[in-house]
Structure formats: structure tokens, C-alpha cells
Amino acid sequence: MSLVKAKKHLGQHFLTDKNIAAKIVNGLIHTDKYTQILEVGPGMGILSDLLLERKDLETFLIDIDVESYHFLQQKYPQLGNRLINGDFLALDLSAIFKEKYAIIGNFPYNISSQILFKVLENRANVVEMVGMFQKEVAERCASKAGTKDYGILSVLIQAYYDIEYLFTVKPGTFNPPPKVNSGVIRLSRNKVETLPCDEKLFWRTVKAGFNQRRKTLRNALSGVVPKDKMDNHLFFDKRAEQLSVADFIDLTIHLSQLSK
């Protein structure tokens with residue numbers, strides 16, 4: 001089999017360090033809660049090799065790259081239709097997975113946020129995700145209220161998942177090497193099935209607050225609730241980065257009452 005050439009337009013940087021690959025796979029710690037796992041963007045299969053050794057997991061692979069797909073077809077003929085040539089972002093996960101499952105991958109940096117939003121959309125069944133992202137994206141996801149990296153992804157992910165920043169990966173462990181460090185994070189689904197507020201309004205409030213993060217929420221949220229309906233609630237005089245997930249839930253409940 002000829003090796004797959006990394007393609008810049010797909011954001012491909014193939015991991016070459018087997019020890020790092022083992023650390024990523026060993027980051028899966030909730031395997032008592034699922035039996036199926038989807039690897040996104042397996043490339044030439046450095047993570048897949050380890051996943052397919054696991055007797056407790058049924059592994060699925062998806063890669064948008066036709067060259068990678070054909071390479072993996074030859075490498076893993078036993079996968080059959082569990083090897084998918086397609087776009088993860090367009091994939092109907094509910095059509096493939098009928099039970100709880102996990103997601104893993106060395107994810108392309110250029111679609112990091114979209115991947116995380118896809119996980120959030122499927123949070124009812126995605127029990128765990130272990131993934132490698134650009135370091136600053138990984139740090140942003142794990143950031144806490146009051147820090148400069150805290151933002152939309154931080155709040156939305158932490159509303160539904162416990163998140164841990166596991167370790168940093170240097171550029172030299174990839175081919176071709178990226179220009180930045182990478183970070184591996186683990187998302188573990190928390191016990192919150194639904195938030196105790198209007199979830200659509202919660203998402204809208206978080207996004208509006210951080211889209212104008214230098215403004216106070218009184219100004220940033222004027223498109224959500226008109227200023228003349230706002231009262232003297234202390235949150236309105238704060239900026240989005242100052243509010244915890246619990247604060248945003250309380251704010252959403254308050255906004256619902258103001259809108260009546």
C-alpha cells in the first residue's frame with residue numbers, strides 16, 4: 001500500500017508518534033458506558049490500529065479523503081461498512097448509532113469548532129469524546145469564567161460535559177508538522193439531560209453575550225431582550241466572560257420572565 005499524502009485543504013497533519021497515539025486512546029475512561037466508537041479522520045490509522053485491538057469496542061472510521069478511505073479499505077478489510085467515506089459534519093449519526101457511543105480523533109484544525117458543535121448536537125448519545133485540537137482551541141474549551149480564553153464553546157460544552165485538558169503535543173510528532181502546538185482534551189457527558197431553562201434561549205444568550213464580549217450584557221443582549229425591558233439585575237452590568245455556566249442558566253431564566 002502506498003502511503004497517503006497529507007492534504008493541506010483538508011487540514012491533514014498525520015500523527016507519527018505511537019506513544020502519543022496510545023496516550024490518546026488510553027484517554028477513553030468511560031468504556032463501561034458504551035461499546036461503539038467513531039474515529040474521525042483516521043488518515044493512515046495510527047489511532048485505528050490501537051482501537052481495533054480493543055475487544056470491548058466496535059470501531060467505526062470516517063474519512064472525507066478518498067485516498068485515505070482506499071488505503072484504510074486495504075489495511076482493514078474486516079471493517080466493511082464500518083469504514084465510511086464521507087463528511088463527519090454532514091453525517092447523520094443517529095442513523096448509524098442506536099445506542100450510546102464515543103468519538104475520538106486527531107481532528108483537522110480548520111473545522112475544530114464545527115466538530116465540537118456536532119458533538120454538542122448529538123450530546124444525548126455521545127458519552128465521551130477524546131480529541132486532539134489546536135492547543136488554543138483545546139484550552140478555550142476547558143477555560144473557566146473570568147479568563148481571557150473563556151467563550152462560547154467553553155460555556156456550551158461545560159453545560160453538558162465535564163472537560164479535562166489531558167496533555168500538549170509538539171509539532172514534531174506530525175507529518176507534516178503544524179505551525180502550532182496541539183492539545184488533547186476529554187469530554188465526559190455529565191448528568192444534565194436538559195438544562196433547567198429554555199435551551200434555545202440559553203444558546204442564543206451565550207452566543208450574543210460573547211459576540212460582543214467587551215460590552216456589558218445590557219448592551220450585548222439588546223438583540224435578545226430590548227433594553228427597555230431589562231431591569232436592574234446585577235448580571236446586566238457584567239460582561240459575558242464574568243458569568244459561569246450556572247450564571248448563564250440563571251440569566252436565561254430571568255430573560256424568559258422579562259420577555260413575558
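This is a short talk on one pocket and one pair of helices in a predicted model.

Okay, hi everyone. Remember as we go that this is a prediction. Let's start with the pocket.

The largest pocket holds about 600 Å³ of space. It's lined by 38 residues, and the ones closest to its centre are Q12, G41, P42, G43 and D63. So you can find the middle of it on your screens, look for those five names.

Which elements give two or more residues to that lining? They are β1 (14-15), β2 (36-40), α2 (46-51), β3 (58-63), α3 (66-75) and β8 (174-175). The largest share comes from α2, and that share is three residues.

What about the chemistry of the lining? By class, there are 20 nonpolar residues, twelve polar ones and six charged ones.

Right, on to the helices. I'd like you to find α6, residues 135-142, and α7, residues 152-160. Their axes come within 7 Å and cross at roughly 55 degrees. Angles from 35 up to 65 degrees count as oblique, and that's why we call α6 oblique to α7. As for handedness, the crossing of α6 past α7 is right-handed.

And where do the two helices touch? On the α6 side you've got R140, C141 and A142, and they meet L153, S154, I157 and Q158 of α7. Sorted by class, that contact has four nonpolar residues, two polar and one charged.

So that's the tour: a pocket of about 600 Å³, and a right-handed crossing of α6 and α7. Thanks, everyone.

Terms used
Residues are numbered from 1 along each chain as its sequence is written. This is a predicted model: local features need pLDDT of at least 70, side-chain atom pairs count only at pLDDT 80 or more; totals for chains, interfaces and linings use all residues. Side-chain values use heavy atoms; hydrogens and water are left out. On a 1 Å grid over the protein atoms alone, a cavity is a set of points where a 1.4 Å probe fits but cannot get out, and a pocket is an open set with protein on both sides within 12 Å along at least five of seven lines; lining residues have an atom within 4 Å of a point. Grid points are joined across faces, edges and corners, and a volume is the space filled by probe spheres set on the points. Helices (H or I, at least four residues) and strands (E, at least two) are DSSP runs, numbered from the N terminus. Ala, Val, Leu, Ile, Met, Phe, Trp, Tyr, Cys and Pro count as nonpolar, Asp, Glu, Lys and Arg as charged, and the others, Gly among them, as polar. Axes are lines fitted to C-alpha atoms, for helices over the stretch in contact, and angles run from 0 to 180 degrees between N-to-C directions. Angles under 35 degrees count as roughly parallel, over 145 as roughly antiparallel, 65 to 115 as roughly perpendicular and the rest as oblique. A crossing is left-handed if the near helix is turned anticlockwise from the far one by less than a right angle, and right-handed if clockwise. Contact means heavy atoms within 4.5 Å.
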